[in-house]
Amino acid sequence: MTRPGLPKLIATDLDGTLVRSDETVSAYTHEVLDRVRAAGIPVVGATGRGPRLTELTRNDIRAADFLVLAGGGRVVDQSDPAGPLVLRDERLPGEVLARLLADLEAEVGPLTVMVEASDEHDAPLWGDYHASWPYPDRFEARSRAECLSGEVIKAFARTVDHHVDELLAAARRIVPPELATVTQAGQGFIEICPPGVDKATGLSVVAERLGVDPAEVLVFGDQPNDLPMFGWAGWARVAVANAHPAVRAAADEITLRNDDDGVAVYLDRLLSR
């Protein structure tokens, strides 16, 4: 339930929540986020995007003091005058991922698999290309063996025979949480992350650094990978109107769609009340 006054920390998802369908963020949204920071409230960008997309992420949420990247696996403090400081960096061993994929394929059939292995700027994903993937310019075809030869930041998987939510439900039955975290972020692929990695555990790193209680945190989101932070934050959980039904059901409030600057409209009203 929304609390009186103002939260002490605000975190928002990017794609589908803060970022519009044309992959832009409005000047109005940037202005409102600047006002949030000016009010003394730290801003966090909490996204499934990996560290290879850090510069894009910084451009989309310029007011952010912290970035929670890769669905919680990489946490960066941008407020340090000496430069960005990495507070968390989790990886999944390739041999563990190989076993998990084999177990999944035994249950659901052949998977299209991509991995995010490099944190270099604009590094491509590796693996099996699928026409539904919206970013073909950041992709490099590689064999499964090459993809799993080292640690990965996270993996993406899909099958032609299952809706992504059905595949996610199957993966959660099959994949032990002590080996990996599975979720989905609206791209039609499930995401396989290191164990204990989600947006809630990523945000908890930020909250502990700032001395902020989860009950004082306001969060915005739209997809199932936002649900852990909805369960963790206590000041308010706000879904955009275009959110996945599970996220809408978990929200305290529904704001306007991402294309209508729903996050900024909510924050503008909050600052003005």
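**Entry 1. The hairpin of S10 and S11**

I take two strands to be paired if DSSP finds at least two bridges between them. The model I am examining is predicted. I began with strand S10 (residues 181–184) and S11, which pair in the antiparallel sense over 4 bridges. Within this pairing I found Thr183 opposite Glu191 in S11. I then looked up the turn of the hairpin, where 5 residues lie between the strands and Gly186 takes a positive phi near 90°.

**Entry 2. Strand S11 and its other partner**

Which way do the side chains of strand S11 (residues 190–193) point? I noted that Ile190 and Ile192 point one way, that Glu191 and Cys193 point the other way, and that all are buried. This can be set beside the general pattern that side chains of a regular strand alternate between the two faces of the sheet. I next followed S11 to strand S9 (residues 154–158), to which 3 antiparallel bridges join it. Here the bridge partner of Phe156 is Glu191 in S11. Glu191 thus appears in both pairings, with Phe156 and with Thr183.

**Entry 3. The sheet that contains S11**

I traced the strand order as S8-S7-S6-S9-S11-S10, an open sheet of 6 strands with mixed pairing. S8 and S10 stand at its edges with a single partner strand each, so one side of each has no neighbour in the sheet. For neighbouring strands I recorded an average turn of 25° against each other, direction ignored. Strand S6 (residues 112–116) pairs with S7 in the antiparallel sense over 2 bridges, and Met114 has Gly127 in S7 as its bridge partner.

Which strands does helix H3 (residues 94–108) touch? I found that H3 packs on the sheet against S6, S9 and S11, and that its direction makes about 145° with that of S11. Helix H5 (residues 164–174) also packs on this sheet, touching S9, S10 and S11, with its direction at about 170° to that of S10.

**Entry 4. Aromatic pairs**

I counted pairs of rings and arrived at 5 aromatic pairs. The rings of Tyr129 and Phe139 have centres 5.4 Å apart and planes at 55°, so I entered this pair as tilted. Tyr129 lies in the loop between strand S7 (125–127) and strand S8 (139–141), while Phe139 lies in strand S8, so the pair ties together parts that are 10 residues apart in sequence. Are the two residues buried or exposed? Tyr129, at 44% relative accessibility, is partly exposed, whereas Phe139, at 16%, is buried.

For Trp133 and Tyr135 I noted centres 5.9 Å apart and planes at 80°; the angle is over 60 degrees, so the pair is edge-to-face. Trp133 is buried at 5% relative accessibility, and Tyr135 is partly exposed at 23%. I also recorded that ring pairs link Trp133, Tyr135, Phe156 and Phe189 into a cluster. Phe156 of this cluster is also the residue bridged to Glu191 in S11.

**Entry 5. Cysteines**

How many disulfides does the structure hold? I found 0. Why does Cys147 form no bond with Cys193? The sulfur of Cys193 is the closest cysteine sulfur to that of Cys147, yet it is 16 Å away, too far for a bond, because a disulfide requires the sulfur atoms to be within 2.5 Å. I checked burial as well: Cys147 has 4% relative accessibility and counts as buried, and Cys193, at 3%, counts as buried too.

**Entry 6. The sheet of 8 strands**

I traced an open sheet of 8 strands in the order S5-S4-S3-S2-S1-S12-S13-S14, with mixed pairing. Its edge strands are S5 (85–89) and S14 (253–255), each of which pairs on one side only. On average, neighbouring strands are turned by 20° against each other, direction ignored. Helix H9 packs on this sheet, where it touches strand S1 (9–12), strand S12 (217–221), strand S13 (236–240) and S14, and its direction makes about 155° with that of S12. At the S5 edge, strand S4 (residues 74–77) pairs with S5 in the antiparallel sense over 4 bridges, and Val76 has Val86 in S5 as its bridge partner.

**Entry 7. Nonpolar cores**

Which residues of the largest nonpolar core touch the most other members? Among its 49 residues, I found these to be Leu218, Tyr266 and Leu267. Helix H9 (residues 262–272) gives the most to this core, with 5 residues. Apart from this core I noted another, of 27 residues, including Leu100, Ala170, Ala171 and Ile192. Ile192 is a residue of strand S11, where it points the same way as Ile190.

How values were computed. Residues numbered from 1 in each chain as written. Predicted model: local features only at pLDDT ≥ 70, side-chain atom pairs only at ≥ 80, totals over all residues. Heavy atoms only, no water. Core = buried A, V, L, I, M, F, W, Y, C linked by side-chain atoms within 4.5 Å. Buried < 20%, exposed > 50% of the residue type's maximum accessible area, 1.4 Å probe, protein only. Axes fitted to C-alpha atoms, helices over the stretch in contact; angles between N-to-C directions. Contact = heavy atoms within 4.5 Å. Phe/Tyr/Trp six-rings, centres within 6.5 Å; stacked < 30°, edge-to-face > 60°.
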